[in-house]
Amino acid sequence: MICEACRQPLGEGQCPECRALASEMAANAEALEALRYEEMDPLQIRIPSRRPNYAWLAAAAVVLMAILLPRPWEKREPAPPPTLAVSEPLKIKMLTPDPTVVIYWLTDPKEEQR
Ligand SMILES: [Zn+2]
């Protein structure tokens with residue numbers, strides 16, 4: 001790039017902008033040179049073990065068993081009997097061993113509710 005003030009390559013002219021840029025570049029080079037001898041902490045890399053963690057597997061199994069196994073100390077209330085909402089008579093056909101005998105059982109829902 002050419003400096004607009006002195007028409008020289010940027011940083012190589014004698015104008016204030018070029019001298020400022022040249023001074024900044026020299027300071028950067030000095031800082032980089034100082035970093036060359038900087039001592040850094042050695043890298044510490046931990047490689048995870050390839051063995052499965054059996055403690056975690058055992059803990060997961062215990063939790064699953066606690067969730068899935070029945071608890072005898074907890075009393076379960078019996079489920080309420082199923083209710084049938086029937087508005088029309090219910091007809092139940094019962095077959096008997098004798099093919100000539102068929103039993104029909106008719107229920108009247110209005111009578112059951114009394
Ligand atoms: Zn210049």
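**Notebook: an extended chain with a zinc site**

I looked first at contacts (heavy atoms within 4.5 Å) in the chain, and among those between residues at least 6 apart in sequence, 0% join residues at least 24 apart. I note that this is a predicted model, in which local features need pLDDT of at least 70, side-chain atom pairs count only at pLDDT 80 or more, and totals for chains, interfaces and linings use all residues. Residues are numbered from 1 along each chain as its sequence is written, and side-chain values use heavy atoms, with hydrogens and water left out.

I then checked the overall dimensions: the radius of gyration, taken over C-alpha atoms, is 46 Å, whereas a compact globule of 114 residues would be near 13 Å by the rule of 2.2 Å times the number of residues to the power 0.38. The C-alpha trace spans about 125 × 45 × 35 Å along its principal axes, and buried residues (under 20% relative accessible area, 1.4 Å probe, protein chains only) make up 6% of the 114 residues.

I turned to the zinc ion and found it coordinated by Cys-3, Cys-6, Cys-15 and Cys-18, each through SG, at 2.2 to 2.4 Å, where donors are N, O and S atoms within 2.8 Å of the metal (3.2 Å for Na, K and Ca). Of these residues, Cys-3 lies in the segment before α1 (16–36) and Cys-18 in helix α1, 15 residues apart; both Cys-3 and Cys-18 are buried.

Lastly I looked up helix α2 (residues 54–68), whose 15 residues include zero buried ones.

Methods
Helices (H or I, at least four residues) and strands (E, at least two) are DSSP runs, numbered from the N terminus. Buried means under 20% relative accessible area, exposed over 50%, partly exposed in between (1.4 Å probe, protein chains only).
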